[in-house]
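Biologist: Could you take a close look at one part of this model for me, the interface? Please tie it to whatever else helps me read it.

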Amino acid sequence: MKRRHFLGLLGAAGVSLTTGVSAKAASGADVAGMPNVGGVLFDASRCIGCRKCEAACNKVNDLPQPAKPFDDLTVMDTARRTDAASYTVVNKYQPKPGENPVFRKIQCNHCMEPACASACFVKAFKKTETGAVVYDASVCVGCRYCMVACPFNIPAYEYHKALAPRVMKCTLCHPRLLEGKLPGCVEACPKEALQFGKRRELINIAWDRVTASPDKYVQHVYGEHEMGGTSWLYIAPKPSFSAIGMDEHLGTTSAPELTSGALAAVPAVAGIWPVLLTGIYAISKRKDKIAEDEKKAAVEAAIAKASADAEAKLAEELSKAEVAGKRRIEVEVKKALEAAAKEQEGGEDA
Amino acid sequence: MSTEHAKNGSLITPFNIVAGIILAAGVVVTIMRFTMGLGSVTNLSDNNPWGIWIGFDLLCGVALAAGGYTTSAACYIFGFKRFHAAVRPAILTAFLGYALVVFALNYDVGRPWRLPYPIFYQQGTTSILFEVGLCVFIYLTVLFLEYLPAAMEWKGGFDKYRGILVKLTMVLTIFGVILSTLHQSSLGALYLIVPSKLHPLWYTPYLPVMFFMSSMFAGLSMVVFEGTLSHKYFHHKMDEDYNANYLDLQFAFAKGAAWIMAGYLAMKLLGLSMDNRWAYLFTGYGAWWLLEVVGFVVLPCYCYAVGYRDRNIGLVRLAAPWTVIGIMLNRFDVSLIAFNWQLPSAERYFPSLGEIIISLFVVTIGIIAFKFIVTRMPIFYAHPAYKDSSH
C-alpha cells in the first residue's frame with residue numbers, strides 16, 4: 001500500500017467513526033428542542049404511599065406478580081429500587097422525626113438527553129416526542145453499559161434469562177401515549193400526586209406551587225436542569241430532596257456532553273498519529289543514515305590517512321634505503337680503492 | 001514445566017493437572033451460564049452491571065496486552081532495531097490477549113451472537129463503547145496479520161503472502177499505535193459518563209489520557225515480566241539473537257517505563273490539583289488511593305529507575321510484576337472498588353466463584369495457546385529459512 005493511500009483510508013476511518021458525533025448531535029440538542037415533549041410532575045407532598053401506581057404499572061405492562069400483593073404497605077419499610085419485574089417503586093422516608101413520612105416514587109426519569117441512549121453502542125434507546133425514552137430489544141446486545149451510565153440507577157436486567165435477556169425500565173407507557181391515553185401510574189393515582197402534560201407547562205405549574213408555599217416546599221424543581229433536564233419533574237416538601245433519597249449532586253451537564261470531548265479527540269488522534277509517527281520514523285531513519293554516512297566518511301578518511309602515511313613511510317624508507325645503498329657503494333668503492341692502492345704499493349715494494 | 005514434559009513424555013505434569021482442573025470447572029460454569037443466564041453464576045446486580053469479567057478480563061486484559069504496540073513501535077518506528085527479536089513474542093501475546101478479551105466478552109454480554117451488531121448492523125456512534133468495540137475489532141485483525149508470518153513460516157509454502165505481510169509491517173505498526181491510542185484511552189473514557197458513581201479521587205476528565213499512559217508502561221512491564229518467565233521456561237527455544245539482546249531490552253524498557261510512570265504520576269497529581277480534591281486524601285478512599293499511587297506507581301517507578309541506572313537486573317525484574325499488579329489494581333479501582341462508592345456496603349459487588357473460575361479459565365486458555373505456539377512456531381528464534389528477513 002502506498003503511504004498516501006493508507007493515510008486516505010485512515011482519514012476515512014476517522015470520519016466514519018465520528019459521523020454524527022459532533023458535540024451537538026452527541027449532546028442530543030435536537031431532542032432538547034422538542035417543543036411539545038411530554039413529561040410527568042410528581043409532587044412528593046401529595047403522595048400517600050398507597051402503591052396504586054405500582055399496581056397499575058404492573059398491570060399495563062404485563063409484569064409478573066410480586067411475592068407480596070400491592071396492598072401490602074409493609075414492603076415500604078425497606079428501600080427498594082426498580083428491577084426487571086417492577087418499572088416503578090415507591091419508597092418511604094422519614095425526613096423529620098415525629099412527623100408524617102414522605103413518599104417518593106422512582107421510575108425512569110426519561111432524560112432529555114439520556115445517558116442510556118448516548119452510551120448504547122447499537123442505538124437501542126431513543127428519546128421520542130412523547131417524552132418517553134424507548135428501548136428496542138431487537139438490537140440489544142446485552143452489554144449493560146446503559147445501566148452503568150444511568151445516573152439514576154434505573155435500567156434493570158433479566159439476569160436469569162439464558163438466551164434473550166432484556167434491559168427493563170419504565171417506558172412512560174409510550175404505547176398508551178400514542179393511543180392518547182395517560183401513563184398507567186398517572187391514571188391510577190388517587191391524590192393527583194402525578195400529573196402528565198407538556199414538560200414546559202409542568203415546569204410552570206411546579207414553580208407556581210413551590211413559590212406559592214415557600215414554607216412547605218424546597219425551592220427547587222428537580223429534573224428541570226439535572227443531567228441536562230428530565231421529562232419527569234419533582235417537587236418535594238422541606239427539608240431537601242436528598243432527605244427523600246434523591247441525588248442532589250448530579251449537576252446540570254448532560255451525559256452526552258460528558259463524553260463528547262473524548263469522542264471529538266478521535267479524528268485528532270487518527271489524523272495526528274500517522275503524521276507524527278511517520279515523522280519520527282523518518283527522523284530515526286535519517287539519524288541512522290547520517291550516522292552511517294559519517295561512519296563511512298570516517299572510515300574512508302582513516303583509510304586515506306593510513307595509505308598516505310604508508311606511502312610517506314615507504315618513500316622515507318626508500319630514500320633511506322637509497323642513502324644506505326649509496327653509502328654502502330661508497331664504502332665498497334672506498335674499500336676497493338684502498339685495496340687497489342694497497343696492492344699497488346705492495347707491487348712497488350716487491 | 002515443559003522440560004519435564006519433554007523428559008518423561010508423560011502428560012501428567014503439575015501444569016497439566018492444574019490446567020485440566022481449571023478447564024473442567026470452566027466448562028461446567030460455561031454450561032450453567034448459557035443455560036440458566038448470568039444470574040446463575042455471577043454476583044452481578046442491577047446496581048452492579050459490570051463485574052470482574054469487565055474489570056479484569058476486559059480492562060486488565062487490554063492494558064496488559066499493550067506490549068504489542070509498544071514493542072513494535074519501539075522497534076519499527078523509533079528505530080530500536082536491536083530489539084527486533086522481542087517483537088514477535090510481544091505481538092503474539094497481544095494477539096492472544098485481545099482474542100481472549102473478545103472470547104471472555106461472549107460470557108458477559110447477554111446475547112453474544114449479536115456482538116457484530118454495533119459494527120455491521122446499527123452503529124451507536126455517540127457511545128464510547130462503540131469506539132472501544134470498533135477499535136478492538138480492527139486491532140485484533142491487525143494483530144492477527146502481524147502474527148501471521150510466524151504461522152506461515154511454520155507451515156511453509158506461503159512465501160508470497162508472507163512477503164506481502166512483511167512489506168506491510170510499517171503500515172500495520174502505525175495502525176496498531178493509532179488503534180491502541182484510541183481504545184486504550186476510551187476504556188478510561190467509558191467512565192467519563194458516571195461522575196456521580198465513580199469516587200472523585202478516580203474520576204477526572206483526564207481518565208482517557210491516564211488509561212493510555214498507563215497502558216504504555218503496562219505493556220513495557222509485561223514484556224519485561226513475560227520475557228523473564230519465558231527465558232526460564234522456553235530458553236531452549238531462543239536463538240542467539242534473542243538471548244544477546246534480551247538483557248539490553250529489559251534495561252531499555254525499564255528506562256522507558258520509569259519515565260512514563262513519572263509522567264503518569266504528574267498527571268495524577270495534576271488531576272487532584274485542578275479539581276482541588278486534596279481533602280479526599282484524608283479519607284479511607286484517600287488511603288487506598290495513596291496505596292495505589294505510592295505503593296504501585298512511585299515505588300516500582302523508583303525501582304525501574306535505580307535498576308536501570310545501576311544495571312541491576314534483579315531490581316528491574318522485581319519492578320515489572322509489581323507494576324503489572326499496580327495496573328490491575330488501578331483498573332479494579334476504577335471499575336469496581338471506587339465505582340458505586342456511595343452505595344451501602346450490602347449492595348456492593350464482590351465476584352462469585354463462577355466469575356473467578358471463568359476468569360481463570362480464560363487466562364489458562366491463553367497460557368496453553370502461548371505454550372502451544374512458542375514450542376512450534378518461530379517466535380523466540382528466527383526461522384532458518386527466513387533468517388535474513390527483517391520481520
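Modeller: Let's start inside chain A: among its contacts (heavy atoms within 4.5 Å) with a separation of 6 or more, 60% link residues 24 or more positions apart. The model is predicted, so to speak with care: local features need pLDDT of at least 70 and side-chain atom pairs pLDDT 80 or more, while totals for chains, interfaces and linings use all residues. As for bookkeeping, residues count from 1 along each chain as its sequence is written, chains are lettered from A and ligands numbered from 1 in the order in which they are written, and side-chain values use heavy atoms, with hydrogens and water left out.

Chain A has 10 helices and nine strands, which are DSSP runs numbered from the N terminus (helices H or I, at least four residues; strands E, at least two). Of its 350 residues, 44% are buried, where buried is under 20% relative accessible area, exposed over 50% and partly exposed in between (1.4 Å probe, protein chains only).

Now the interface itself. Chain A brings 63 residues to the contact and chain B brings 60. Together they bury about 5400 Å², with carbon and sulfur atoms giving 65% of that; the figure is the accessible area (1.4 Å probe) that two parts lose on being put together, summed over both. On the chain B side, Asp46(B), Arg111(B) and Ile193(B) supply 14% of what chain B buries against chain A, more than any other three residues.

The rule finds one salt bridge across this interface, meaning a Lys or Arg side-chain nitrogen within 4 Å of an Asp or Glu carboxyl oxygen. Its partners are Asp108(B) and Arg144(A), whose closest N and O atoms are 3.0 Å apart. Several helices of chain B also line up here: α2 (14-36), α3 (38-41), α5 (67-77), α7 (117-121), α8 (128-155) and α10 (169-189) each give at least two residues to the side that touches chain A. The largest share, nine residues, comes from α10(B).

Arg144(A) deserves a second look. This salt-bridge partner sits in the loop between β5 (133-135) and α6 (145-149) of chain A, and Arg144(A) counts as buried because its relative accessibility is 1%. Its backbone stands out too: phi is positive, about 70 degrees, although Arg144(A) is not a glycine. Most residues other than glycine have a negative phi, and most peptide bonds are trans.

Chain B has a residue to set beside it, Asn340(B), with a positive phi near 65 degrees. Asn340(B) lies in the loop between α14 (313-337) and α15 (353-376) of chain B, and at 4% relative accessibility it counts as buried. Back in chain A, the peptide bond from Lys238(A) to Pro239(A) is cis, with omega near 15 degrees. Pro239(A) belongs to the loop between β9 (232-235) and α10 (255-349) of chain A.

In case you're wondering about cross-links, the whole structure has zero disulfides over all chains, taking a disulfide as two cysteine sulfur atoms within 2.5 Å. Cys47(A) goes unbonded because the closest cysteine sulfur, in Cys53(A), is 6.4 Å away, too far for a bond. Cys47(A) is buried, at 16% relative accessible area. Cys173(A) is in no disulfide either, with the nearest cysteine sulfur, that of Cys185(A), 6.3 Å off. Cys173(A) counts as buried as well, at 10% relative accessibility.
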